[in-house]
Amino acid sequence: MKVMRKIIEIDEELCDGCGQCVTGCAEGALEIADGKAKVVAERFCDGLGACIGECPTGALKIVEREAEEFDEIAVEKYLEEREKKQAAEKMGCGCPSSQIQVFAPLDAVPETGKGDVPSFLSHWPVKIRLIPPDAPFLKHADILVLADCCAAAYAALHRDLIKGKVVMMGCPKFDDVQMYVQRFAEIFTLADIRSIASVYMEVPCCSAMPSIIRRGMEKAGKKIPHREIVISKKGKIM
């Protein structure tokens, strides 16, 4: 049944699809679709506007209009079903991509053949959604959270940033940011992380990554040293 009430409204012309509002909505009422923020269902939006403060472009506002009543029970069911789906996706295939491996760390750049470049990667997998919160390489780790595009843009990534770090990669625009928040919260709760560096591109859609990490810390009740590194489109640290 529709009633007159407050609800979120999104200006698609202002929205750049960064996804920060999605992390700000505890009810899961927002998602990114076709590069823009969308309301998943009116009954999931409580109309309180917690997401507005996360929007860097001012694309969100609260309006009063006829809309479906907010349904807290429907929200709980939706979030529960989404968590089950994410867990099934994580466990479903059992493919080699999700099998945990730890590599012997390199303490220095080894002597290699001409043109060879050493890898300082210490573990596998590296995708945020594939790394279980209880992975052994996370214990007391210094984490490097890397937006996907940085790997292509920053040529000296291994030499300058990866050495001595546990790498976690993902895309805050196209992946499920609520799942990211939950995954980081679980990791921060279990793994006693020492520090976090978030590395992301200068483009707007990447800027949600540090916000996701901060929300994960808030959810876990942790305060972990966190620094941000921004990479330009030409591959320079800004």
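A pocket, as the word is used here, is an open set of grid points where a 1.4 Å probe fits, with protein on both sides within 12 Å along at least five of seven lines. In this predicted model, the largest pocket holds about 250 Å³ of space. Its lining is made up of 15 residues, and those closest to the centre are Ala26, Arg82, Gln178, Gln182 and Lys219. Three helices each give two or more residues to that lining: H2 (72–92), H5 (177–190) and H6 (208–220). As for chemistry, the lining residues split evenly into 5 nonpolar, 5 polar and 5 charged.

Two of these pocket-lining helices, H5 and H6, also turn up against a sheet. The sheet in question is open and has 4 strands, paired in parallel and ordered E8-E7-E9-E10. Strand E8 (166–170) sits at one edge and strand E10 (226–231) at the other, each pairing on one side only. Going from one strand to the next, the twist averages 20°.

At the E10 edge, the neighbour is strand E9 (residues 195–201), which runs parallel to E10 and is joined to it by 6 bridges. Within this pairing, Ser198 has Glu228 of E10 as its bridge partner.

Back to the helices: H5 lies across strand E7 (142–147), E8 and E9, and runs at about 165° to E8. Helix H6, for its part, lies across E7, E8, E9 and E10, with an angle of about 165° to E10.

Terms used. Residues are numbered from 1 along each chain as its sequence is written. This is a predicted model: local features need pLDDT of at least 70, side-chain atom pairs count only at pLDDT 80 or more; totals for chains, interfaces and linings use all residues. Side-chain values use heavy atoms; hydrogens and water are left out. On a 1 Å grid over the protein atoms alone, a cavity is a set of points where a 1.4 Å probe fits but cannot get out, and a pocket is an open set with protein on both sides within 12 Å along at least five of seven lines; lining residues have an atom within 4 Å of a point. Grid points are joined across faces, edges and corners, and a volume is the space filled by probe spheres set on the points. Ala, Val, Leu, Ile, Met, Phe, Trp, Tyr, Cys and Pro count as nonpolar, Asp, Glu, Lys and Arg as charged, and the others, Gly among them, as polar. Two strands pair if DSSP finds at least two bridges between them. Axes are lines fitted to C-alpha atoms, for helices over the stretch in contact, and angles run from 0 to 180 degrees between N-to-C directions. Contact means heavy atoms within 4.5 Å.
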